[in-house]
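Grab a coffee and open your viewer. Here are some short exercises, each with a solution you can follow step by step.

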Amino acid sequence: MGLVPKVTCRRCKHRYSALRQRCPKCNTRMVRQSSRVPGTTPETVKGTAANAKVAANRKWQLIFGAILTAAVVIAFIVMIVVSMNDTGNGGNNRPDVPDITALPTPDTTESAAPTETPEITNLQIFYYSDDKTGSGFTATVGSKTPLIPVWYPRNLLDVEYKWSSSDETVCTIGEDGVVVGVGTGTATITLTCYGKTAETTVYVRN
């Protein structure tokens, strides 16, 4: 190693003695490195206001960085916990569906409409074309006499009525209105229809 240091040409990269001012190959002037040390600034001098401000800024930067790091870590932990819960539930995030078997079953049975009671204005008992209402007729033991119910107004259909005898030892009457003589005597035949009544008297003879 020589006592005189060598330098490298910044242009052609040729190494030559540092005693030369120019490169012997390309004649490029040698540039010497500056030995000056940069001066200090107020920010780097302890005890100055600028240095205290820089220290305070650095302190708040560290605090903010720590808070931000903690927030990121917490968010990451929450995401892991939520994903684990979803995995445990089979990934089913749908709301619970109520059990339809526990719900009350609506009553679909239609209630029957109330039947209107026909209004009878007059009721009579006929024997063929003869009105026997309030009067009477004669029958014999064993005879059959058909009676006919007549109600007003006549346009009423499916009217319900009932026959009855005051003394069935004298005569009986069926649903068809036929009077049968049983024994001698007198009995009253009554016709009932929606609150209205009509009567006739039967005289049974031998």
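The exercises below go from the nonpolar core to the strands, the surface and a few backbone oddities.

Before you start: residues are numbered from 1 along each chain as its sequence is written. The model is predicted, so local features need pLDDT of at least 70 and side-chain atom pairs count only at pLDDT 80 or more, while totals for chains, interfaces and linings use all residues, and side-chain values use heavy atoms, with hydrogens and water left out.

**Exercise 1. Find the largest nonpolar core and say which strands build it.**

Step 1: Get the term straight. A nonpolar core is a set of buried Ala, Val, Leu, Ile, Met, Phe, Trp, Tyr and Cys residues joined through side-chain atoms within 4.5 Å. Buried means under 20% relative accessible area, exposed over 50%, and partly exposed in between, using a 1.4 Å probe and protein chains only.

Step 2: Look for the hubs. The largest core has 20 residues, and those with the most contacts inside it are L147, W163, C171, V179, I189 and V202.

Step 3: Assign strands, which are DSSP runs of E with at least two residues, numbered from the N terminus (helices are runs of H or I with at least four). At least two core residues each come from β3 (122-127), β5 (136-140), β9 (171-173), β11 (185-193) and β12 (196-205). The largest share, 4 residues, belongs to β11.

As background, nonpolar side chains in soluble globular proteins tend to be buried together.

**Exercise 2. Take two hubs, I189 and V202, and list what they touch.**

Step 1: Contact here means heavy atoms within 4.5 Å. Skipping residues up to four places away in sequence, I189 touches a list that includes I125, L147, W163, C171, V179 and V202.

Step 2: Move to V202, which sits in strand β12. V202 is buried, with a relative accessible area of 0%. With the same skip of residues up to four places away, V202 touches F137, A139, C171, V179, G185, T186, A187 and I189.

Step 3: Check a long-range pair. V202 and S135 are 67 residues apart along the chain, yet their C-alpha atoms are separated by 9.1 Å.

**Exercise 3. Is T145 buried or exposed, and which residues does T145 contact?**

Step 1: Find T145 in strand β6 (residues 144-146).

Step 2: T145 counts as buried because its relative accessibility is 9%.

Step 3: Leave aside neighbours within four places in sequence, and T145 is in contact with Y127, F137, A139, G177, V178 and V179.

**Exercise 4. Work out the sheet that contains β3.**

Step 1: Two strands pair if DSSP finds at least two bridges between them. In general, strands of a sheet pair through backbone hydrogen bonds, either parallel or antiparallel.

Step 2: Put the strands in order. Here 3 strands form an open sheet, β4-β3-β7, with antiparallel pairing. β4 (130-131) and β7 (148-152) are at the edges with a single partner strand each, so one side of each has no neighbour in the sheet.

Step 3: Trace the β3 and β7 pairing, which has 5 bridges. N122 has Y152 as its bridge partner, and L123 has W151.

Step 4: Do the other side. β3 and β4 pair over 2 bridges, and Y127 stands opposite D130. Their hairpin has 2 residues between the strands, and Y128 takes a positive phi near 55 degrees there.

**Exercise 5. Which face of β8 is covered, and what does β8 pair with?**

Step 1: Side chains in a regular strand alternate between the two faces of the sheet.

Step 2: In β8 (residues 162-165), W163 and S165 make up the covered face, while K162 and S164 make up the uncovered one.

Step 3: β8 runs antiparallel to β11, with 4 bridges joining them. The bridge partner of W163 in β11 is L191.

**Exercise 6. Hunt for unusual backbone geometry.**

Step 1: Look for a cis peptide bond. The bond from Y152 to P153 is cis, with omega near 5 degrees, and P153 lies in the loop between β7 and β8.

Step 2: Look for positive phi outside glycine. N27 has a phi of about 65 degrees and lies in the loop between β2 (15-17) and α1 (49-88). Y194 has a phi near 50 degrees and is found in the loop between β11 and β12.

Step 3: Check the cover on Y194: this residue is partly exposed, at 30% relative accessible area.
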